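Hello,

Here is the structure I promised to pass on to you. Please have a look at it first, and then read my notes underneath.

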Amino acid sequence: MGATGPSAIVIAFMLAFPAGTLVEYVLHRFVLHARSRTFIARRHRLHHKSNRADSLWGDFRDFLPGMTPFCWFGFLHSTTAGLAFLVGGVAYVFLLALVHTLSHNRPRLVFWMRPNSHVLHHGETPRHNFGFVTRFWDVVFGTYAKQGTGRGTTT
Ligand SMILES: [Zn+2]
Ligand SMILES: [Zn+2]
């Protein structure tokens, strides 16, 4: 059933990254910012209030369950691809936790996003900029905003 050699492993592992950016966007926009007062939505509201990231490990542990509905997709191809996609997913969640922690503590280190999307999301544009790692899906789905409408001059 299809190629299960080293190339399948590499491709499945790599695919977990773009897939991860989409899952991150969808969960953040529709689950964490859901109107219903679920436990996760309430927790996320508190995170917006405090505007502080958990530790890298704390974020990793919190974000990891989000991939469970999606992380088995590779098994539709083969066991090898399934495992590689799974490992790629875990690696992506680690990257996500790292970028989230950095966006709060050292936003300048997230050098590929200026201004930092997550800083904007916590500040001027809470209904926009749901992507942490990339603003790609925000641009695609029309939720990217470079800054708030009222330039933040009032305090
Ligand atoms: Zn949020
Ligand atoms: Zn945050």
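Below is what I found, going from the whole chain to single residues.

Please keep in mind that this is a predicted model. The mean pLDDT of the protein chain is 92, and 92% of its residues reach 70 or more. The stretch to treat differently is 150-155, where the pLDDT is below 50 and the model shows one contact beyond near neighbours in sequence.

**The chain as a whole**

The protein chain holds six helices and zero strands, so the order from the N terminus is simply α-α-α-α-α-α. Its C-alpha trace spans about 60 × 30 × 30 Å along the principal axes. Of the 155 residues, 28% are buried. Looking at contacts with a separation of 6 or more, 59% of them join residues 24 or more positions apart.

**The core, α1 and α4**

The largest nonpolar core has 19 residues, and those touching the most other members are A12, F13, A84, F85, V93, L96 and V99. Both α1 (6-32) and α4 (79-105) supply at least two residues of this core. The largest share, eight residues, comes from α4.

If you would like one residue to start from, try L96. Leaving aside residues up to four places away in sequence, L96 touches G20, E24, F63, F132 and V133.

Helix α1 deserves a look of its own. It has 27 residues and reaches 37 Å from its first C-alpha to its last, close to the 39 Å expected at 1.5 Å a residue. There is a bend of about 25 degrees in α1 at A19. The buried residues of α1 are I9, A12, F13, A16, G20, V23, E24 and Y25. An α-helix has 3.6 residues a turn, so residues three or four places apart point the same way. That is worth having in mind as you go through the list. The cover over the buried residues of α1 includes α4 and α6.

I11 also sits in α1, but it is partly exposed, because 16 other C-beta atoms lie within 10 Å and a buried residue needs 20 or more. Between the C-alpha atoms of I11 and F85 the separation is 8.4 Å, although the two are 74 residues apart along the chain.

**α2 and α3**

What does α2 look like beside this? The count of buried residues among the 12 residues of α2 is zero, so this helix is hardly covered. Its length agrees with expectation: at 1.5 Å a residue, α2 (residues 39-50) should span 16 Å, and its end C-alpha atoms are 17 Å apart.

In helix α3 (residues 56-63) you will find G58. G58 is exposed, since 12 other C-beta atoms lie within 10 Å and 12 or fewer is the limit for that class. G58 and T134 are 76 residues apart in sequence, and their C-alpha atoms are 21 Å apart in space.

**Backbone details in the loops**

Three loop residues caught my eye.

- N51 follows α2 and lies in the loop between α2 and α3. N51 is not a glycine, yet its phi is positive, about 55 degrees. Is N51 buried or exposed? With 10 C-beta neighbours inside 10 Å, N51 counts as exposed.
- N129 is in the loop between α5 and α6 (136-140). Its phi is positive as well, near 55 degrees, in a residue other than glycine. N129 has 26 C-beta neighbours inside 10 Å and therefore counts as buried.
- P115 belongs to the loop between α4 and α5 (117-122). The peptide bond leading from R114 to P115 is cis, with omega near 0 degrees.

The two asparagines make a nice pair to view one after the other: N51 is exposed, whereas N129 is buried.

When you open the model, I would begin with L96 and the residues it touches, including G20 and F132. From there you could move along α1 to the bend at A19, and then to the cis peptide bond between R114 and P115.

Happy looking, and write back with whatever you find.

Best wishes

Conventions
Residues are numbered from 1 along each chain as its sequence is written. Chains are lettered from A and ligands numbered from 1 in the order in which they are written. This is a predicted model: local features need pLDDT of at least 70, side-chain atom pairs count only at pLDDT 80 or more; totals for chains, interfaces and linings use all residues. Helices (H or I, at least four residues) and strands (E, at least two) are DSSP runs, numbered from the N terminus. Two residues are in contact if their C-beta atoms, placed from the backbone, lie within 7 Å. A nonpolar core is a set of buried Ala, Val, Leu, Ile, Met, Phe, Trp, Tyr and Cys residues joined through C-beta atoms within 7 Å. The expected span of a helix is 1.5 Å times one less than its number of residues. pLDDT is the predictor's confidence in each residue, from 0 to 100. The bend at a residue is the angle between axes fitted to the seven residues ending there and the seven starting there.
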